[in-house]
Amino acid sequence: MLDNCPKCGSLFVRTQFRDVCEACYKEEEKLFEKVYAFIRRRENRTATMSQVVDATGVEEALIIKWIKKGRLQLVHFPNLGYPCEKCGATIREGRLCSSCISGIQKEMTKIQQEEERQKQAKRQTTYFTERRKDD
């Protein structure tokens, strides 16, 4: 699919593997090597996201992008993470933190209970009798 590069605005062919143009991709690769070289050092393996950003000068969003794509394995870096898509808490896997997941599950349970209550209310029928004056 033909698209504009989100960084420089030039036209490029977007694929499932590449979301920026060739020039920006090469620039990102250089930055990735810089970040990876920094966190690969033994003394930097426990660095937090802000420490990596400060030391390398690479944007946090770009580091998060590499984490989400699986290029940076969080198993090897215990203090790195990315924000939950709902509340922004730091997480290490998935898209939502555990508290947001439990909150959504509680809401879904309430909705299911309400739907079940409404179904039962429809099943209950009421019969009326009429008294005629003739009787």
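**Figure 1. Surroundings of Thr56 in the predicted model.** Leaving aside neighbours within four places in sequence, Thr56 is in contact with Lys34, Val35 and Phe38. The model shown here and in the other views is predicted. Thr56 is found in helix 2 and is buried, with a relative accessible area of 5%. A polar atom of the Thr56 side chain lies 2.6 Å from the backbone oxygen of Val52. For the backbone nitrogen of Val58, the distance to a polar atom of the Thr56 side chain is 3.3 Å.

**Figure 2. The largest nonpolar core, with Val52 and its contacts.** This core has 22 residues, and those that touch the most other members are Val35, Ile39, Val52, Ile63, Trp66 and Leu72. Two or more residues each come from helix 1 (22–40), helix 2 (49–56) and helix 3 (60–69). Helix 3 gives the most, with five residues. Not counting residues up to four places away in sequence, Val52 touches Val35, Phe38, Ile39, Ala47, Gly57, Ile63 and Leu80. A second, separate core has five residues, among them Phe12, Val20, Cys21 and Cys24.

**Figure 3. Helix 3 and its cover.** The buried residues in helix 3 include Leu62, Ile63, Ile64, Lys65, Trp66 and Ile67. Helix 1, helix 2 and strand 3 (82–83) are among the parts that cover the buried residues of this helix. Gly70, just after helix 3, takes a positive phi of about 90 degrees.

**Figure 4. The salt-bridge network of Lys7, Asp19, Glu28, Lys65 and Lys69.** These five residues are linked in a network of salt bridges; a search of the whole structure finds 10 salt bridges. Glu28 and Lys7 meet through their side chains at 3.4 Å, N to O. Glu28 lies in helix 1 and Lys7 in the loop between strand 1 (2–4) and strand 2 (11–13), so this pair ties together parts that are 21 residues apart in sequence. Glu28 is buried, with a relative accessible area of 4%, whereas Lys7 counts as partly exposed at 42% relative accessibility. Asp19 forms a salt bridge with Lys69, and the closest N and O atoms are 3.9 Å apart. Because Asp19 lies in the loop between strand 2 and helix 1 and Lys69 in helix 3, the pair ties together parts that are 50 residues apart in sequence. Asp19 is partly exposed at 22% relative accessibility, and Lys69 is partly exposed with a relative accessible area of 44%.

**Figure 5. The salt bridge of Arg95 and Glu85.** The closest N and O atoms of this pair are 3.0 Å apart. Arg95 lies in the loop between strand 4 (90–91) and helix 4 (98–123), and Glu85 in the loop between strand 3 and strand 4, so the pair ties together parts that are 10 residues apart in sequence. Arg95 is exposed, with a relative accessible area of 57%; Glu85 is partly exposed, with a relative accessible area of 45%.

**Figure 6. The interface of domain 1 (2–96) and domain 2 (97–134).** The centres of the two domains, taken over C-alpha atoms, are separated by 47 Å. Five residues of domain 1 are in contact with five residues of domain 2. The domains bury about 430 Å² between them, 75% of it on carbon and sulfur atoms. In domain 1, Lys86, Cys87 and Leu96 lose the most area to domain 2, together 84% of what that side buries. Between the domains the count is zero salt bridges, and the rule finds zero residue pairs in polar contact across the interface (both at pLDDT 80 or more).

Key
Residues are numbered from 1 along each chain as its sequence is written. This is a predicted model: local features need pLDDT of at least 70, side-chain atom pairs count only at pLDDT 80 or more; totals for chains, interfaces and linings use all residues. Side-chain values use heavy atoms; hydrogens and water are left out. A nonpolar core is a set of buried Ala, Val, Leu, Ile, Met, Phe, Trp, Tyr and Cys residues joined through side-chain atoms within 4.5 Å. Buried means under 20% relative accessible area, exposed over 50%, partly exposed in between (1.4 Å probe, protein chains only). Helices (H or I, at least four residues) and strands (E, at least two) are DSSP runs, numbered from the N terminus. Contact means heavy atoms within 4.5 Å. Domain bounds come from an automatic or database domain assignment. Buried area is the accessible area (1.4 Å probe) that two parts lose on being put together, summed over both. A salt bridge is a side-chain nitrogen of Lys or Arg within 4 Å of a carboxyl oxygen of Asp or Glu. A polar contact is a pair of N or O atoms within 3.5 Å; within protein, one must be able to donate a hydrogen and the other to accept it, and residues adjacent in sequence count only if both atoms are side-chain atoms.
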